[in-house]
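Colleague: I should like a close look at a single part of this model. Please take one helix and describe its surroundings in a connected account.

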Amino acid sequence: MPLSHAVLTLLADGPSHGYELKTRFEAAVGPQWGGLNIGHLYQILDRLVRDGHVVRDHIAQSDRPDKTIYQLTPGGAEELQTWATTPWVRTSGFRDELFLKLLGASRLGPEELAAFVSAQRQAHLADLGALTRQRRAHAGDPLVALLIDAAAAHIKADLQVIDSAEERLTGLTSGDVPIHTATTTGDQATA
């Protein structure tokens with residue numbers, strides 16, 4: 001699981017508590033990943049403890065509640081080494097809502113497909129503009145800059161798909177085919 005391994009990576013730098021790990025994760029991967037839910041992080045930490053990859057120690061604090069510190073175990077370091085040096089292979093296919101939207105828009109007709117393609121193209125261009133600004137803001141952080149570059153490459157690939165969609169989906173766009181809906185009367189629906 002990638003987030004578990006990211007936590008192991010952060011713990012390789014030394015012991016940390018939960019909120020410190022959250023802050024370090026968000027700084028390490030930058031704005032493209034999004035925030036890390038602290039509740040989810042503690043679930044990950046519990047699983048890592050259960051699996052023997054991490055140990056936890058409670059530190060008493062006189063002026064605050066006890067702090068829980070997490071530390072990598074030798075087994076966790078071995079798991080991190082194996083994970084970090086093994087190639088990533090896509091296992092879930094290319095599930096992307098963009099293709100489902102193309103299916104829906106093409107089914108509605110050529111005008112709807114053209115409208116969707118135009119709107120999606122504008123959205124992608126806006127995303128590229130935002131990524132360009134983020135890239136400048138994070139130029140000094142090589143990992144974040146690389147993640148932003150990867151996001152831009154994905155958007156550029158989606159733009160290529162969008163730019164060819166109308167021509168390639170012409171056979172699917174038949175606006176003269178009616179859309180069948182149910183008509184309701186009381187609790188019964190009829191087609």
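Which residues of α7 are buried?

Modeller: The model is a predicted one, and the account below should be read in that light. In α7, the buried residues are Val144, Ala145, Ile148, Ala151, Ala152, Ile155, Asp158, Leu159, Ile162 and Ala165. A general feature of helices is useful when reading such a list: an α-helix has 3.6 residues a turn, so residues three or four places apart point the same way. The cover over the buried residues of α7 includes α2 (18-29), α5 (97-108) and α6.

The dimensions of the helix come next. With 1.5 Å for each residue, the 27 residues of α7 should span 39 Å, and the 38 Å between its end C-alpha atoms agrees with this.

Among the elements that cover α7, helix α6 merits a separate description. Helix α6 comprises residues 110-137 and helix α7 residues 142-168; the two pack at an angle of about 165 degrees, and their axes lie 10 Å apart. Because of that angle, α6 is roughly antiparallel to α7, the cut-off for this term being an angle over 145 degrees. The crossing in which α6 passes α7 is left-handed. By class, the residues in the contact of α6 with α7 comprise 15 nonpolar, three polar and eight charged.

One residue of α6 shows this contact in detail. His124 is placed in helix α6, and its relative accessibility of 7% means that His124 counts as buried, since the limit for that class is under 20%. Leaving aside residues up to four places away in sequence, His124 touches Ile155, Asp158, Leu159 and Ile162. Those names recur among the buried residues of α7, where Ile155, Asp158, Leu159 and Ile162 are listed.

Leu147 gives another view of the helix. Leu147 lies in helix α7, yet at 31% relative accessibility Leu147 counts as partly exposed. When residues up to four places away in sequence are not counted, Leu147 touches Val29 and Gln32. From Leu147 to Arg135 the separation is twelve residues in sequence and 9.3 Å in space, C-alpha to C-alpha.

A residue outside the helix can serve as a reference point for Ala151, one of the buried residues of α7. Arg64 is found in the loop between β2 (54-59) and β3 (67-72). With a relative accessibility of 52%, Arg64 counts as exposed. Arg64 and Ala151 are separated by 87 residues in sequence and by 41 Å in space, C-alpha to C-alpha.

For comparison, consider helix α1. Helix α1 (residues 2-11) is mostly covered, with eight of its ten residues buried. What covers the buried residues of α1 includes β1 (16-17), α2, α3 (38-50), β2, β3 and α4 (74-84). Helices α1 and α3 pack at about 80 degrees, with 10 Å between their axes, and are therefore roughly perpendicular to each other. In this contact, Leu3, Ser4, Val7 and Leu8 of α1 meet His40, Leu41, Ile44, Leu45, Arg47 and Leu48 of α3. The contact of α1 with α3 contains seven nonpolar, two polar and one charged residues.

Key:
Residues numbered from 1 in each chain as written. Predicted model: local features only at pLDDT ≥ 70, side-chain atom pairs only at ≥ 80, totals over all residues. Heavy atoms only, no water. Axes fitted to C-alpha atoms, helices over the stretch in contact; angles between N-to-C directions. Helix = DSSP H or I, 4+ residues; strand = E, 2+ residues; numbered from the N terminus. Parallel < 35°, antiparallel > 145°, perpendicular 65-115°, else oblique. Left-handed = near helix turned anticlockwise from the far one by under 90°. Nonpolar A, V, L, I, M, F, W, Y, C, P; charged D, E, K, R; others polar. Expected span 1.5 Å × (residues − 1). Buried < 20%, exposed > 50% of the residue type's maximum accessible area, 1.4 Å probe, protein only. Contact = heavy atoms within 4.5 Å.
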